[in-house]
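Reader: I am new to this structure. Please take a close look at one part with me, then lead me outward from there.

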Amino acid sequence: MALPVTDDWRSELHAAWCRAAVRQRDAGWARALLGAPAAPEAGGPGAVSLAERAKLLGTLPPRERADWVAGFIAAHGLSEAFQLLGGCAVPWSGPLGRAVVDALNIARDAGSYPWSFSGVMGLAERCLDPAEASRLDGLLAVPDETEDASPGAGGYWAEAFQRLGTTLRLRAAMLEELGTA
């Protein structure tokens, strides 16, 4: 993967390697093409698009896939993680769930509007382990608005975290009632 490629064929060659690794379900090649999740180019030399990264991740065992996505979110935030999250086993593993909640908290603290993350919030309602509901308790208060925050964003975030926590608690109660908890 690190050998030089002449004549500007690098991206085409790596894209072909990605397709081959996915077609052959070769986790070793997928790992090499993905690289470290915290890499500056977020996915290594072979993953030239989010769709290719998601396909490569699909060749990895579920736990390894979740750990890679958690590392990606910890390093790069949620802006490009939606497609990657959709390929992770449900319920999300503890490290992946914590990475998502932490990234949402960082977005809240940055003063972003929560609807910018509505897709991730929707996934979290369906995919977070209901046991993670108690981790949200500290995020229910309306934070003080900073000078550079979007007006009213803190209240919207508190409501979004409250809705997420309520959904997780409802899912936990349903699982308990069904005897699958």
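Author: Let us start in helix α4, residues 62–76, where W68 and F72 both sit, four residues apart, or about one turn of the helix. (Helices are DSSP runs of H or I with at least four residues, and they are numbered from the N terminus.) Please keep in mind that this is a predicted model, in which local features need pLDDT of at least 70 and side-chain atom pairs count only at pLDDT 80 or more, while totals for chains, interfaces and linings use all residues. Residues are numbered from 1 along each chain as its sequence is written, and side-chain values use heavy atoms, with hydrogens and water left out.

The structure has four aromatic pairs. W68 and F72 make one of them, a stacked pair with 5.7 Å centre to centre and 20 degrees between the planes. For such a pair, the rings of Phe, Tyr or Trp (its six-membered ring) have centres within 6.5 Å; planes under 30 degrees apart are stacked, over 60 edge-to-face, and the rest tilted. W68 counts as buried because its relative accessibility is 8%, and F72 is buried with a relative accessible area of 1%. Another pair, F117 and W157, is tilted, with 5.9 Å between the centres and 40 degrees between the planes. It joins distant parts of the chain, 40 residues apart: F117 lies in the loop between α6 (94–109) and α7 (118–127), and W157 in helix α8 (residues 153–178). F117 and W157 are both buried. (Buried means under 20% relative accessible area, exposed over 50%, and partly exposed in between, with a 1.4 Å probe and protein chains only.) Ring pairs tie F117, W157 and F161 into a cluster.

Back to α4, this time from a neighbour's side. S93, in the loop between α5 (82–85) and α6, touches R63 and A66, leaving aside residues up to four places away in sequence (a contact means heavy atoms within 4.5 Å). S93 is buried too, at a relative accessible area of 14%.

How sure is the predictor? The protein averages a pLDDT of 84, and 85% of the residues score at least 70 (pLDDT is the predictor's confidence in each residue, from 0 to 100). Confidence is highest in α4, at 95, and lowest in helix α1 (residues 10–24), at a mean of 86.

So what does α1 look like? Its 15 residues should span 21 Å at 1.5 Å a residue, and the end C-alpha atoms are 21 Å apart, which agrees. (The expected span is 1.5 Å times one less than the number of residues.) H14, A15, C18 and A21 are buried in α1. Because the buried residues fall within an arc of 125 degrees when seen down the axis, they line one face of the helix. (That arc is taken from the directions from the helix axis to the C-beta atoms.) They pack against α2 (27–34) and α3 (50–57), while the face turned away carries the exposed R23 and Q24. After α1 comes R25, with a positive phi near 55 degrees.

Finally, the cysteines. The disulfide count is zero (a disulfide is a pair of cysteine sulfur atoms within 2.5 Å). C127 is in no disulfide, and the nearest cysteine sulfur, that of C88, is 8.7 Å away. C127 counts as buried at 8% relative accessibility, and C18 does so at 1%.

Key:
Helices (H or I, at least four residues) and strands (E, at least two) are DSSP runs, numbered from the N terminus.
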